Amino acid sequence: MPLRQKAQTIIFSICISSGLFAQAHNVSEGYVKPTDPMVIQNLEQWQDLKFGLFMHWGTYSQWGVVESWSLCPEDESWTQRKPEHGKSYNEYVKNYENLRTTFNPIKFDPEKWAKATKNAGMKYVVFTTKHHDGFAMFDTRQSDYKITSPQTPFSKNPKADVTKEIFNTFRKDGFKIGAYFSKPDWHSDDYWWSYFPPKDRNVNYDPKKYPEKWANFKQFTFNQLNEITSGYGKIDILWLDGGWVRPFYTIDPKIEWQRAIQLEQDIDMDKVGTMVRNNQPGIIVVDRTVSGKWENYVTPEQAIPEQAMSIPWESCMTMGDSFSYVPNDHYKSSQKIIETLVKIISRGGNYLMNIAPGPNGDYDATVYERLEEIAGWMKNNESAVFSTRAVQPYHDGDFYYTRSKDGNIINVFHLNEQSDYTAPGTLTFKVPESFHPQSVTVLGLPSKVQWSRNGNTIKIRLPEERSKLKYALAVQIKK
């Protein structure tokens, strides 16, 4: 999972989604609106996209464990280690790091991923170039702990630099490109210094006491981000994870997990951010949970805000139960995924859905089934999803609302979360009082529908062919 932490309530209540590893991600207070015109334009375009693909992938997929987190010496449900992988902590770490010597995802085919996800309506991708374990899924020159190292069998494959292959393939298919990057690096001796044992997720020495060592880590991080943003084509989003690596003064004492940060971990985001913007003008920077000018949008995790938000935001949520590959994972139904998308966009957000490739380099077969089913629904309903914004009343019972950016169209989604979706014979719902409908269409139905208006209440009678509608229904109303 991008950032493990206990549930918080900041700014608004968060409703937790079901899932083995579901946890709420707090939203930073004090959002700072960007002033760079190119960043503002990029954010506006990104908010039009609504549906994105997240991919957590690394050597850990071979064990089917929670990405990186079993290396963390904290006693949490997501950090548990299986005894067959090492009886002691040190043995476990050695065996974990040796996973690079067997990582050979020969079925890696990003064109297959791009085709399936594009058909399902996904329009941007965020890929884990490096997670907390420090294993680089790109050809970094700063470390030999990487997929292109001769120690990794896949390094002999012409597609060994999987970050380059993914970015080039998805970019060619019209996706915006996002690079996930972990600020903490648990493999780096300048973060978890081998002189001391790691105590928790944080740096294991005092950077103020050993400033030269911390300076080395800052330079290492700067250099890797320079490589990613200068050598991998156009990148639209830099998605920085590991919010405990932050200036000490930014810690919010009201938030439990931030209170656990005891040391200064400032990596000089002004220097980093300036560099990546020089390399990639207009890039969106997401320094998660660190409010200020480098957190251009906020990122609830495995959760949906209960109310609409006026700032740019994105829920990162899993298709299965885990962010990383787990054999026989429980994948959400297509109806559940579509319901989640509708709820998120009705509150003004984007849905970043995580799909984890397996150790062979491909998705589980169930993933492709889900994507094909979503594609069928999206074909009929995409005009109510993309390039829309939130509109009051946002949500009323089983009805969820979006509007076109010019305000001339209101879209009303009808859900039934209690059972497989069946469109009722009659729909009755409200529209904003200032909105005067001229036409009403049920997307996916070829014939016209009978409708009437009484004040701001719309009543629609649906024909028998409504039985063909699956998962959720969308009504499009034009004035």
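Trainee: What share of the contacts in the chain with a separation of 6 or more comes from residues 24 or more positions apart?

Mentor: In this predicted model, residues 24 or more positions apart supply 70% of those contacts. A contact here requires heavy atoms within 4.5 Å.

Trainee: Why does the radius of gyration of the chain agree with that of a compact globule?

Mentor: The rule takes 2.2 Å times the number of residues to the power 0.38. For 479 residues this gives a value near 23 Å, and the chain has 23 Å, so the two agree. Along the principal axes, the C-alpha atoms fill a box of roughly 75 × 45 × 40 Å.

Trainee: What makes a residue count as buried, and what percentage of the chain is buried?

Mentor: The relative accessible area must be under 20%. Of the 479 residues, 60% are buried. The chain exposes about 19300 Å², with carbon and sulfur atoms supplying 47% of that area.

Trainee: Why is strand β9 described as largely enclosed?

Mentor: Strand β9 covers residues 350–354, and 5 of its 5 residues are buried, so the rest of the structure largely encloses the strand. Asn350, Leu352 and Asn354 point one way, while Tyr351 and Met353 point the other way, and all of them are buried. In a regular strand, side chains alternate between the two faces of the sheet.

Trainee: How do you know that β9 is paired with β2 and with β8?

Mentor: Pairing requires at least two bridges between two strands. Strand β2 (residues 51–55) is joined to β9 by 4 bridges, and strand β8 (residues 314–318) is joined to β9 by 5 bridges, so both pairs meet the criterion of at least two. The strands run parallel in the pair of β2 with β9 and also in the pair of β8 with β9. Phe54 stands opposite Asn354, and Ser315 stands opposite Tyr351.

Trainee: Which residues of helix α3 are buried, and what covers them?

Mentor: In α3 (residues 110–119), the buried residues are Pro110, Trp113, Ala114, Ala116 and Thr117. Their cover includes strand β2, helix α4 (162–172) and helix α9 (365–381). Gly121 follows α3 and has a positive phi, near 100 degrees.

Trainee: How many positive and negative side chains does the chain have, and how far apart are the centres of the two sets?

Mentor: There are 57 positive and 56 negative side chains, and the two centres lie 5 Å apart. Lys and Arg count as positive, and Asp and Glu as negative.

Definitions and conventions:
Residues are numbered from 1 along each chain as its sequence is written. This is a predicted model: local features need pLDDT of at least 70, side-chain atom pairs count only at pLDDT 80 or more; totals for chains, interfaces and linings use all residues. Side-chain values use heavy atoms; hydrogens and water are left out. Buried means under 20% relative accessible area, exposed over 50%, partly exposed in between (1.4 Å probe, protein chains only). Accessible areas come from the Shrake-Rupley method with a 1.4 Å probe; for residues, only the protein chains shown count as cover. The place of a charge is taken as NZ of Lys, CZ of Arg, CG of Asp or CD of Glu. Helices (H or I, at least four residues) and strands (E, at least two) are DSSP runs, numbered from the N terminus.
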